[in-house]
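Please find below a colleague's note, set out as numbered points to be read alongside the sequence and the coordinates.

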Amino acid sequence: MDNLNIATVYTGNNCTGEPIMIPVMPVRPELARAYVPYQLYNKIFSAQEGLKKGTVFPELVK
Amino acid sequence: MDEQTTLLEQIMAYDFALYDLQLFLNTHPSDTNALRDYKMALEQSENLRRQYQSKYGPLTARYLPNTTCWQWINDPWPWNNKEV
């Protein structure tokens, strides 16, 4: 996964407040810390296909 | 598959998609693409429910099309439906 992918998140309710740019994964991960990559939105399955596969996100099908 | 079952499956599919998108939006509240797809799935789910309930009766007791007769207890009850 490309660590340089950047997402924008907001610090306040209703998508207001300070926008913060965060990387999908930490650029310099620390030892003894666990990380979950921040998912970016792509195409999703049709509802019918999603129900069969157990998720609407193609990148989560393993 | 008959039309009733097809409609039910479509409702299940859209409701599942809604729940999956809900989980994504919980952590990505400003994602406009996800929000757009959620809105589209919600409209689909509501349309399908409307279609199903007008033809085959209530999916939940909150559906109240007729104020002179309570339809929720109409036959067949789920465990009496031979089709399933």
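**Notes on the two-chain model**

1. B:Pro65 is exposed, because 10 other C-beta atoms lie within 10 Å of its own, and the cut-off for an exposed residue is 12 or fewer. The model is a predicted one. B:Pro65 belongs to the segment that follows helix 2 of chain B, and its C-alpha atom is separated by 8.9 Å from that of B:Gln53, the two residues being twelve apart along the chain.

2. A second exposed position to consider is in chain A, where A:Glu18 has 8 other C-beta atoms within 10 Å and is therefore exposed. A:Glu18 is placed in the loop between strand 1 (6-10) and strand 2 (19-23) of chain A. Between the C-alpha atoms of A:Glu18 and A:Thr8, which are ten residues apart along the chain, the separation is 10.0 Å.

3. Turning to helix packing, the axes of helix 1 and helix 2 of chain B come within 9 Å and cross at roughly 155°. Since angles over 145 degrees count as roughly antiparallel, helix 1 of chain B and helix 2 of chain B are therefore roughly antiparallel to each other. The crossing of these two helices of chain B is left-handed, and their contact comprises, by class, 17 nonpolar, five polar and three charged residues.

4. What is in the largest nonpolar core, and which residues have the most contacts inside it? This core has 13 residues, and those with the most contacts inside it are A:Ala47, B:Ala13, B:Tyr14, B:Ala17 and B:Ala41. The elements that give two or more residues to the core are helix 1 (47-53) of chain A and, from chain B, helix 1 (3-27) and helix 2 (32-56). Helix 1 of chain B gives the most, with six residues.

5. B:Ala17 merits a separate remark: when its neighbours within four places in sequence are left aside, this residue is in contact with A:Ala47, A:Gly50 and A:Val56 of chain A, as well as with B:Ala41 of chain B.

6. As for the contact between the chains, 15 residues of chain B are in contact with eleven residues of chain A. On the side of chain B that touches chain A, the elements that give two or more residues are helix 1 and helix 2 of chain B, and helix 1 of chain B gives the most, with seven residues. By class, the residues on this side of chain B divide into nine nonpolar, three polar and three charged.

Note on methods
Residues are numbered from 1 along each chain as its sequence is written. Chains are lettered from A and ligands numbered from 1 in the order in which they are written. This is a predicted model: local features need pLDDT of at least 70, side-chain atom pairs count only at pLDDT 80 or more; totals for chains, interfaces and linings use all residues. A nonpolar core is a set of buried Ala, Val, Leu, Ile, Met, Phe, Trp, Tyr and Cys residues joined through C-beta atoms within 7 Å. A residue is buried if 20 or more other C-beta atoms lie within 10 Å of its own, exposed if 12 or fewer, and partly exposed in between; C-beta atoms are placed from the backbone. Helices (H or I, at least four residues) and strands (E, at least two) are DSSP runs, numbered from the N terminus. Two residues are in contact if their C-beta atoms, placed from the backbone, lie within 7 Å. Ala, Val, Leu, Ile, Met, Phe, Trp, Tyr, Cys and Pro count as nonpolar, Asp, Glu, Lys and Arg as charged, and the others, Gly among them, as polar. Axes are lines fitted to C-alpha atoms, for helices over the stretch in contact, and angles run from 0 to 180 degrees between N-to-C directions. Angles under 35 degrees count as roughly parallel, over 145 as roughly antiparallel, 65 to 115 as roughly perpendicular and the rest as oblique. A crossing is left-handed if the near helix is turned anticlockwise from the far one by less than a right angle, and right-handed if clockwise.
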